[in-house]
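Biologist: Could you take a close look at one part of this model for me, the charged pairs and the strands that carry them? I would love one connected walk-through.

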Amino acid sequence: MKSLHTLFALTFVSICQFSYAQFTDEINSNRPGKSMMAFAVGKKIIQTETGVTYVSEDHNTLNYQAKGFVGELAIRYGFLKEELEIIGEIQYQKDNLTSGSYEEGRSGLKQLTLGAKYLIYDPFKNYEDKPNLYSWKANHRFKWRQFIPAFSMYAGGNFNVGDNPFNYAPVGLEEPSFSPKVTAIAQNHFGSHWVLVTNLSYDKIGTDFASINYVVTLTRGFNAQWSGFIENQGYMGDYYSDGILRFGAAFLFDKNMQVDASIGKNIKDTPGILNAGIGFSWRFADQYEDVKIAKPGTETKTDKKMKKKGEKEAKKRKDAVE
């Protein structure tokens, strides 16, 4: 959610309190995991998610090693509606490949994608979890609703700019300049501390590089600042199939800034890949327009302003009569 993205504010309580709002008090970042969360950042919100990852690759069969770094940047923007966001992602890798006495420096854009995500279904929309004033047991009983996930769809495209030496394809097979990508996203909240995010993607559709990918991320919030995650990611394609186990943690500096760290290892040795990274997420929320709809029976700021205005007008009419 991110997925595993870290979540601090999208807990069961916060979602129930405001039925339609995507914007939350604290930043919701997809980092440090690789999954994409179901909820958007909020209308007119700009959020950047950056990171630097050390990558070590070792192929036992082809007898080569590659070590280097990957720089990542994702920009998310809440567009038109609370449920909609535009997402741009870029990865640039630079490493050094060695095989016996052969040595080669490699660099290039590993990923450049642009797309949009829309929240189709929110199980907590128009739902109020009313407390039972007479039964502690009723208030703490198991809630089946938590098994109903929020659901979003992502649609976008991959842009191939220049040579990409990191796609594991046979020499001479060129990647097209554009290819579509779609992702189905499900997000469950178990109690107030656990979040499960599942992504299923069909990537580079209609090309020789097409693959079906998945990411399953489980996040645990420990307190108001710390959270941890564990994640499984898989690729299934003609030229590359693999599984990766990843875990890490995130720390909330303030309501708009988060830092994170993670480490991951794949399950095979053709090639064997180890990566470790740190990241930073920053939300620019100055332009946010509050569109929250409170629970029935509670007053919003607008309600209070209108109430005060009405009381003043009533007082003026009373004074005029007297």
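Modeller: Happy to! Let me start with arginine 76, whose relative accessible area in this predicted model is 1%, so the residue is buried, the cut-off being under 20%. Its partner is glutamate 49: the two form a salt bridge, and their closest N and O atoms lie 2.8 Å apart. This contact links distant parts of the chain, with glutamate 49 in strand β3 (residues 46–59) and arginine 76 in strand β4 (residues 64–78), 27 residues apart. Glutamate 49 counts as buried too, because its relative accessibility is 4%.

Moving along to strand β5, we meet another pair. Glutamate 85 forms a salt bridge with lysine 117, and here the closest N and O atoms are 3.2 Å apart. Again distant parts of the chain are linked: glutamate 85 belongs to strand β5 (residues 84–99) and lysine 117 to strand β6 (residues 102–121), with their positions 32 residues apart. Glutamate 85 has a relative accessible area of 0%, so it is buried, and lysine 117 is buried as well, at 1%.

Strands β5 and β6 also hold the next pair, arginine 106 in β6 and aspartate 95 in β5, which sit 11 residues apart in the chain. Arginine 106 and aspartate 95 form a salt bridge whose closest N and O atoms are 2.8 Å apart. Arginine 106 is buried with a relative accessible area of 10%, while aspartate 95 is buried with 7%. Beyond simple pairs, there is a network: Arg31, Lys34, Glu72 and Asp260 are joined by salt bridges that share partners. Searching the whole structure gives 9 salt bridges.

Now for the strands themselves. The order β3-β4-β5-β6-β7-β8-β9-β10-β11-β12-β13-β14 makes up a closed barrel of 12 strands, paired antiparallel. From one strand to the next, the twist averages 20 degrees. As general background, strands of a sheet pair through backbone hydrogen bonds, and the pairing can be parallel or antiparallel. For an example elsewhere in the barrel, take strand β8 (residues 178–190) and strand β9 (residues 194–203), which pair in the antiparallel sense over 10 bridges. If you want a specific place to look, pick isoleucine 185: its bridge partner in β9 is asparagine 199.

Definitions and conventions
Residues numbered from 1 in each chain as written. Predicted model: local features only at pLDDT ≥ 70, side-chain atom pairs only at ≥ 80, totals over all residues. Heavy atoms only, no water. Salt bridge = Lys/Arg side-chain N within 4 Å of Asp/Glu carboxyl O. Helix = DSSP H or I, 4+ residues; strand = E, 2+ residues; numbered from the N terminus. Buried < 20%, exposed > 50% of the residue type's maximum accessible area, 1.4 Å probe, protein only. Pairing = 2+ DSSP bridges. Axes fitted to C-alpha atoms, helices over the stretch in contact; angles between N-to-C directions.
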